Amino acid sequence: MAAQETSGDRPATLRSRRRASERCINACCIYLFAGAAAACVAVLILGLTVVRVKTPTAKLSSVAVKNLSYGFSPNPFVDATLIAEVTIENPNFGEFKYEENTDASFIYYGVAAGIGEVKRVSVNAKGVKRTSFSVEVKTNASVADVDYMSYDLASLKRMNMSCIAEFEGRVRLLKLFKEMKVSLLKCTMTLNFSSHAIHNLACQ
């Protein structure tokens, strides 16, 4: 017959059980704290790498001259058909999608000499998208100063232009949220009348 626990042994047993319970609670607190700290670190890394949204970059990668005519009668004029290729690079971990079609303006002496429409596209995460568009560039006395045009045609045999466009769209991350971003395209180039080609294409 097993010996019964005496009243003198009960306080020691209770203290032992209390210490075991305290150790268990302390261990649980440590694990919870470690788990919370790890979760905070993970969220911080996610915020610094994945969730932080960067602005996609846009530039003209090439511009080809399809047709070109120019002259002085009755006033200086230039008519040209250009085929331009836009390259958009998305540095984010989510898709970048245009909201709508974008107008690309070709500027000559501060005036829009032609406007081309870039169809809206989407760029995959960490991806690059290329799309082409055409534009009719027309300059005459109603667009630019006659003296400037005459000098460009007769003396320089070229005309300097710039192209400006804003690509507005949303970056979709983790299928949870979207953030609006605007990519600014700003390029300069020279239309050479002798070679019928675009030279010195440079984008910021």
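The following passage describes the fold, the nonpolar core, one sheet and the cysteines of a predicted model.

Residues are numbered from 1 along each chain as its sequence is written, and side-chain values use heavy atoms, with hydrogens and water left out. Because the model is predicted, local features were accepted only at a pLDDT of at least 70 and side-chain atom pairs only at pLDDT 80 or more, whereas totals for chains, interfaces and linings use all residues.

The secondary structure of the chain consists of two helices and ten strands, where helices (H or I, at least four residues) and strands (E, at least two) are DSSP runs numbered from the N terminus. Along the sequence these elements follow the pattern α-β-β-β-β-β-β-β-α-β-β-β. Of the 204 residues, 31% count as buried, a term that denotes under 20% relative accessible area, with exposed set at over 50% and partly exposed in between (1.4 Å probe, protein chains only). The chain exposes about 12,600 Å², of which carbon and sulfur atoms supply 54%; these areas come from the Shrake-Rupley method with a 1.4 Å probe, and for residues only the protein chains shown count as cover. Among contacts (heavy atoms within 4.5 Å) between residues at least 6 apart in sequence, 67% join residues at least 24 apart.

The largest nonpolar core, defined as a set of buried Ala, Val, Leu, Ile, Met, Phe, Trp, Tyr and Cys residues joined through side-chain atoms within 4.5 Å, has 40 residues, and those with the most contacts inside it are Leu60, Leu82, Phe133, Phe167, Leu185 and Leu191. Strand E8 (residues 158-173) gives the most to this core, with seven residues. Leaving aside neighbours within four places in sequence, Phe133 is in contact with ten residues' worth of surroundings that include Leu60, Leu82, Ile83, Phe106 and Val118. Tyr98, found in strand E3 (residues 95-98), is buried at 2% relative accessibility. Its C-alpha atom is 5.4 Å from that of Arg120, although the two residues are 22 apart in sequence. Beyond the neighbours within four places in sequence, the contacts of Tyr98 include Ile88, Arg120, Val121 and Phe167.

Three strands form an open antiparallel sheet in the order E1-E2-E7, where two strands are taken to pair if DSSP finds at least two bridges between them. Strand E1 (57-71) and strand E7 (128-139) are the edge strands, each pairing on one side only. Neighbouring strands of this sheet are turned by 15° against each other on average, direction ignored; axes are lines fitted to C-alpha atoms, for helices over the stretch in contact, and angles run from 0 to 180 degrees between N-to-C directions. Strand E1 is joined to strand E2 (residues 77-89) by 13 bridges, and Val65 has Leu82 of E2 as its bridge partner. Helix H2 (residues 146-156) packs on the sheet, where it touches E1, E2 and E7, and its direction makes about 85° with that of E2.

One disulfide was found under the criterion of a pair of cysteine sulfur atoms within 2.5 Å. The bond is formed by Cys187 and Cys203, whose sulfur atoms are 2.0 Å apart, and it is right-handed because the torsion about the S-S bond is about 105°. Since Cys187 lies in strand E9 (residues 177-192) and Cys203 in strand E10 (residues 197-203), the pair ties together parts that are 16 residues apart in sequence. Cys187 is buried at 1% relative accessibility, whereas Cys203 is partly exposed, with a relative accessible area of 29%. Cys163 is in no disulfide, the nearest cysteine sulfur being that of Cys187 at 6.1 Å, and Cys163 is itself buried, with a relative accessible area of 0%.
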